[in-house]
Amino acid sequence: MNKIKSSAIEALDTLKDGDTLLVGGFGLIGAPLTIIDALKEKEVRNLTVVSNNLGESGKGLGLILNQNKIKKVIGSYFTSNRDVGVKYQKGELAIQLLPQGTMAEALRAGGAGIGGFYTKTAVGTKLAEGKEQRVLDNETYIFEQSIKGDVALIRAHKADELGNLTYYKTARNFNPLMATAAKFVIAEVDEIVPVGSLSPEEIITPHLFVDVIIIANKILTKEGVKSL
């Protein structure tokens, strides 16, 4: 099956109302900006978005937030986008906060078929309220459920024609984890190379996890997001 699509909007065909969407990135670093830009044109509502943050005001996932397409967000750090707090205060957005390490492990568990795990992180805080607690080796732990998604939007550096992926430095962040935890994975890459061009040692995400590949036409620079 040819996984390479000519446009990001075509790649989003499977996304539908009410889906849980996993989106890679830390701030705008490693975010699939081309796919997010195409998502502006997709008629979809009531999304649950799992992402470290919701971009910035008017940038990245901030664009989608301002279109009122997101009903709930699960993530760690939202103060980079003041629009998140405004919508939350108005009752237009539900927020579930997870520490970054907990979110990463929840995604890893989801991809590995593990239902959940116990962690000491957040014990004794408001984030632990309503969660199962258990004492192990005289330490209190809380139970966190794994995270799985319907669709994942991820950003990688290179893909071969099968969909094997490599990543560039810190852009690796949550992307490889999300690639394992979703039913359908769309990868935005800088370059597509022939099969055999990538050494096995540099491949981080095997092609079996990737359903669609597109070439990026949006990049993050010191001056902001630019089109190629």
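Colleague: Leaving aside its neighbours within four places in sequence, which residues is leucine 12 in contact with?

Modeller: In this predicted model, leucine 12 touches Ile35, Ala38, Leu39, Lys42, Leu153 and Ile186 once neighbours within four places in sequence are set aside. These residues are called contacts because they have heavy atoms within 4.5 Å of leucine 12.

Colleague: What makes the set that includes Leu12 a nonpolar core?

Modeller: A nonpolar core requires buried residues of the nonpolar types, joined through side-chain atoms within 4.5 Å, and buried means under 20% relative accessible area. The largest such core has 27 residues, and those that touch the most other members are Leu12, Leu15, Leu21, Val49, Leu54, Leu153 and Ile186. Membership therefore implies that Leu12 is itself buried. In soluble globular proteins, nonpolar side chains tend to be buried together.

Colleague: Which elements give two or more residues to this core?

Modeller: They are α1 (8-11), β1 (20-23), α2 (33-39), β2, α3 (61-65), β3 (70-75), β8 (149-155) and β13 (212-215). The largest share, 4 residues, is that of α2. A second, separate core holds 26 residues, among them Leu22, Ala109, Ile147 and Ala182.

Colleague: Why are β2 and β3 called paired strands?

Modeller: Pairing requires at least two bridges between the strands. β2 and β3 run parallel and are joined by 4 bridges, so the requirement is met. Across this pair, valine 50 faces isoleucine 74 in β3. β3 also pairs with strand β4 (residues 94-97), again in the parallel sense and over 4 bridges; there, valine 73 lies opposite isoleucine 95 in β4.

Colleague: What makes β10 and β12 edge strands?

Modeller: An open sheet of 3 strands has the order β10-β9-β12, with mixed pairing. β10 (165-166) and β12 (191-193) each pair on one side only, and they are accordingly the edge strands. Strand β9 (residues 158-160) runs antiparallel to β10 and is joined to it by 2 bridges, so the pair meets the minimum of two. Lysine 158 stands opposite threonine 166 in β10.

Colleague: Why is the space lined by Val23 and Gly24, among others, called a cavity and not a pocket?

Modeller: In a cavity a 1.4 Å probe fits but cannot get out, whereas a pocket is open. The structure holds 1 cavity of 30 Å³ or more. The largest cavity has a volume of about 60 Å³, so it passes that limit. Its lining consists of Val23, Gly24, Gly27, Leu28, Ala31, Ile36, Ser51, Asn53, Gly55, Gly60 and Leu61. These residues divide into 5 nonpolar, 6 polar and no charged, glycine being counted as polar.

Colleague: How many residues line the largest pocket, and which are the closest to its centre?

Modeller: The largest pocket contains about 340 Å³ of space. It is lined by 16 residues, of which Gly30, Arg155, Tyr168, Ala171 and Leu220 are the closest to its centre. Strand β14 (residues 218-221) supplies the largest share of the lining, 3 residues. By class, the lining has 9 nonpolar, 3 polar and 4 charged residues.

Colleague: Which strands each supply at least two residues of the lining of the second largest pocket?

Modeller: The second largest pocket has a volume of about 220 Å³. Of its 13 lining residues, Ile74, Gln96, Gln145, Ser146 and Ile147 are the closest to the centre. The strands concerned are β2 (47-50) and β7 (139-145), and the largest share, 3 residues, belongs to β7. The lining comprises 5 nonpolar, 5 polar and 3 charged residues.

Technical notes: Residues are numbered from 1 along each chain as its sequence is written. This is a predicted model: local features need pLDDT of at least 70, side-chain atom pairs count only at pLDDT 80 or more; totals for chains, interfaces and linings use all residues. Side-chain values use heavy atoms; hydrogens and water are left out. On a 1 Å grid over the protein atoms alone, a cavity is a set of points where a 1.4 Å probe fits but cannot get out, and a pocket is an open set with protein on both sides within 12 Å along at least five of seven lines; lining residues have an atom within 4 Å of a point. Buried means under 20% relative accessible area, exposed over 50%, partly exposed in between (1.4 Å probe, protein chains only).
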